[in-house]
Amino acid sequence: MTRFIVFSAVLALAAACNVPEHLRREPPAKTVINNVHVFDGNKFSSQTSLVIVGGLISNAPAAGAYNVVDGAGGYLIPGLIDSHCHITDCSYLTTMRQYGITTALEMGTYPYSALSACKAQGVTDIRGSGAAATVHGTAISHAPGFPTDSFVSGPEAAQRFVADRTAEGADYIKVFLDTLGPDESTVAAIVTAAHEHNKLVISHATDHAAFAITEAAGVDIPCHAPMDKPLDASDTAALLLSKSVVVPTLIMMQSVTNNTGAPLSVYNNAAKASVTAMHEAGVPIVAGSDANASPFVPANPPFGDSLHDELELLVEAGLSPVEALRGATSTAASTFRLHDRGAIRTGLRADLVLLGADPTVDIRNTRANDKVWVEGVQAEL
């Protein structure tokens, strides 16, 4: 099978990508959503109401609401978080919002300032890493315009790389693992430097050898799942020891298998089997789509829709619908230290999705979104 390589997003966002003024909307002073079942992280409540004030979930009385919404007996869940995507145009955030994704975690667009230009009230919130660390000669290093200050040839360069990403405002640190490097000692140095700056480290790891480096180096969040052979008991034990949380992007791994003409067993016996092993061992799993529109990668999961594909694949790999749903809400939020979202609780952001059917019965029901709110602003679907 063609070796699986995923580039980080390689194109800076153009100034024209700034979110149009008509999308920059303020939330109503008070909104009440009536006749809904509210998800508490484990189950849905009996039919009730929810109040939003100033973009936050509130315990204020419903009386005097400027905006009253009839939930019609639907199911209210926290806004979904896509924990791995590549945003090269701000319009992708609007697309993701239509699918109930209220937070997008970007894994490679540079410079970071181009990404932050997409931030706007009522639009899917965006966080990112800036350019990923790599070494000269890897596939990603040949991307047009790739910044040379992201070449981390050894442990001594780790501090500088992390300081540079921190200075430009990156929310977390990304390292791209390739057969050419960086090696274990360099990745460990990046982890140490990042933790000194209170930053999480995310790794691109698509084969067993790359996962071995992430395990040994103590990477916080390995992304993808191996495509050559499955993780075994020693791998899962190492991930548990380092308290790692994994974003397996199964929809990307399955799409690559399909697009390269490899038999489905390649996906089933390595990527899917690895997720099953991690889940059975108790390794936390978070949902990410690897949605991208790059011509340089072997698969382009579509923005928005592919996160729902990911949830279905996680369930097929052994997660319960509730566990998969947490992987796109509360577990994702706590993993990435987004403590103001991921649950429906007083004081948190009113990032909400109203579904027409219960996703804890059938995870495919996450697609049945009737209404979406981002920080209290209702989207036009």
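T102 sits in strand 6, which covers residues 101-106. In this predicted model, T102 has a relative accessibility of 0%, so T102 counts as buried, the cut-off being under 20%. Leaving aside residues up to four places away in sequence, T102 touches G79, L80, T124, D125, D351, V372, W373 and V374.

**The annotated span**

- An unreviewed UniProt entry places the feature "domain: Amidohydrolase-related" at residues 75-376.
- Helix makes up 36% of residues 75-376 and strand 13%.
- The C-alpha atoms at the two ends of this span are 17 Å apart.

**Strand 4 and its partners**

- Strand 4, residues 67-78, pairs with strand 1, residues 30-38, in the parallel sense.
- Seven bridges join strand 1 and strand 4, and V69 in strand 4 is the bridge partner of I33.
- Strand 4 also pairs with strand 11, residues 352-355, here in the antiparallel sense and over four bridges.
- In that antiparallel pairing, the bridge partner of Y75 is L355 in strand 11.

**The open sheet of strands 8, 9 and 10**

- Three strands form an open sheet in the order 8-9-10, and their pairing is parallel.
- Strand 8 (173-176) and strand 10 (221-223) are at the edges with a single partner strand each, so one side of each has no neighbour in the sheet.
- Ignoring direction, neighbouring strands of this sheet are turned against each other by 25 degrees on average.
- Strand 9, residues 201-204, is joined to strand 10 by three bridges in the parallel sense.
- I202 has I221 of strand 10 as its bridge partner.
- Helix 4, residues 184-196, lies across strand 8 and strand 9.
- The angle at which helix 4 runs to strand 8 is about 175 degrees.

**Helix 5**

- Helix 5 spans residues 208-217 and is mostly covered, with seven of its 10 residues buried.
- The buried residues of helix 5 are H208, A210, F211, I213, T214, E215 and A217.
- These buried residues pack against two strands of the open sheet, strand 9 and strand 10, and also against helix 4 and helix 6.
- G218, just after helix 5, takes a positive phi of about 75 degrees.

**Helix 8**

- Helix 8 runs over residues 264-281 and has 18 residues.
- From its first C-alpha to its last, helix 8 reaches 24 Å, close to the 26 Å expected at 1.5 Å a residue.
- A kink of about 35 degrees in helix 8 is centred on A273.
- V266, Y267, A270, A271, S274, V275 and M278 are the buried residues of helix 8.
- The packing partners of these buried residues are helix 6 (233-241), helix 7 (250-259) and helix 9 (305-316).
- Helix 6 is thus named among the packing partners of helix 8 and among those of helix 5.
- Just after helix 8 comes G282, with a positive phi of about 95 degrees.

Notes. Residues numbered from 1 in each chain as written. Predicted model: local features only at pLDDT ≥ 70, side-chain atom pairs only at ≥ 80, totals over all residues. Heavy atoms only, no water. Pairing = 2+ DSSP bridges. Axes fitted to C-alpha atoms, helices over the stretch in contact; angles between N-to-C directions. Contact = heavy atoms within 4.5 Å. Expected span 1.5 Å × (residues − 1). Bend = angle between axes of the 7 residues up to and from the residue. Buried < 20%, exposed > 50% of the residue type's maximum accessible area, 1.4 Å probe, protein only. UniProt positions renumbered as here; feature names shortened; annotations may be inferred.
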